[in-house]
Amino acid sequence: DLVYTELQWVDAFPPDCHANASAGHQCHAETSVFLVVADTFTLSEDSVAIFGMWGKRRRQHGDPVIQCATEHGSPAQGGGNGTSQKAAAAFVTASVYMIRFFDPFNWFEAVCRWTTPVFPPRSSTYITIKGSAVVKKVLVRGFEPRPEPTSGLALCLSQFHNEISERVLVEFLEYYRALGATEALIYDFDLRFHILRVAREYQRRRKFRLTLLNWAPVQRYPSYCRGQVLALNDCFMRARRTSRYLLQVDLDEFV
């Protein structure tokens, strides 16, 4: 059965928050989390794009400095007992691009590049993300080379919340399907059954490709319009491998 696509949503608390937690105090997303990785996308066998949000705490200034390291290692030198250990991971510094809306959490994209292939096809690799003394691991799937799409129009629908009837959704999708749209990616906050039912019907008839993404976790992190910019850029990365054109629209927008 068709189900919602889950993003990784790896958040990282600062070390002092973990220390407070061990003393019985809680860590709050609004004040303590300052690095959130929503998901990762391989750009090639030696580079990965990381999408997420950067939370600025009081007395914290400047852009995030983000570094990446893979779990691949080579046997360490020495060790006369016949055992081997992985060499210490070498971090590469990411190129970071920011968008600010003066909220506790701002959107960022980071690109990490290595000098050798680290994401071969049909592989899964965990990388360590280090940002301002925070270390977390996220999953990166191997790069699968594909020809650039020569046709196809994808729709990106973010901010899918409040009550939306099946009729309104079907009318919207059919309108754009008649104009040549071939797929739609819907970022949904509420995980409603009737939206899932519509998606299953499209899948059964094989009329249209619908991807439903669970966007509910973003509500843990105060951000501009519930992470709308992050959702739209995530949509771009997902659709670029399957469609030549991309249209960002709302349910009440008809081109």
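This report describes the internal cavity and the aromatic contacts of one protein model.

The model is predicted: local features need pLDDT of at least 70, side-chain atom pairs count only at pLDDT 80 or more, and totals for chains, interfaces and linings use all residues. Residues are numbered from 1 along each chain as its sequence is written, and side-chain values use heavy atoms, with hydrogens and water left out.

**Cavity**

A search of the whole structure yields one cavity of 30 Å³ or more. A cavity here is a set of points, on a 1 Å grid over the protein atoms alone, where a 1.4 Å probe fits but cannot get out, and its lining residues have an atom within 4 Å of a point. The largest cavity has a volume of about 70 Å³, the volume being the space filled by probe spheres set on the points. Its lining consists of M53, F101, F105, N106, W107, S223, Y224, G227, Q228, V229 and L230. Strand β7 (105–113) and helix α4 (228–239) each supply at least two of the lining residues; helices (H or I, at least four residues) and strands (E, at least two) are DSSP runs, numbered from the N terminus. By class, the lining has seven nonpolar, four polar and no charged residues, with Gly counted among the polar ones.

**Aromatic contacts**

Rings of Phe, Tyr and Trp (its six-membered ring) pair if their centres lie within 6.5 Å; planes under 30 degrees apart count as stacked, over 60 as edge-to-face and the rest as tilted. The count by this rule is 13 aromatic pairs. Two of them are set out below.

| Pair | Centre to centre | Angle between planes | Class |
|---|---|---|---|
| Y176 and F254 | 6.3 Å | 10° | stacked |
| Y187 and W215 | 5.3 Å | 90° | edge-to-face |

Because Y176 lies in helix α2 (residues 166–178) and F254 in the segment after β13 (245–248), their pair ties together parts that are 78 residues apart in sequence. Y176 is buried at 1% relative accessibility, whereas F254, at 45%, is partly exposed; buried means under 20% relative accessible area, exposed over 50%, and partly exposed in between (1.4 Å probe, protein chains only).

The second pair links distant parts of the chain, 28 residues apart: Y187 is in strand β11 (residues 183–188), and W215 is in the loop between β12 (209–214) and α4. Y187 is buried, with a relative accessible area of 1%, and W215 is buried at 0%. Y187 and W215 also belong to one aromatic cluster with W9, F105 and Y221. F105 is in addition among the residues lining the largest cavity.

Notes
1 Å grid on protein atoms, 1.4 Å probe; cavity = no way out; pocket = protein on both sides within 12 Å on 5 of 7 lines; lining within 4 Å.
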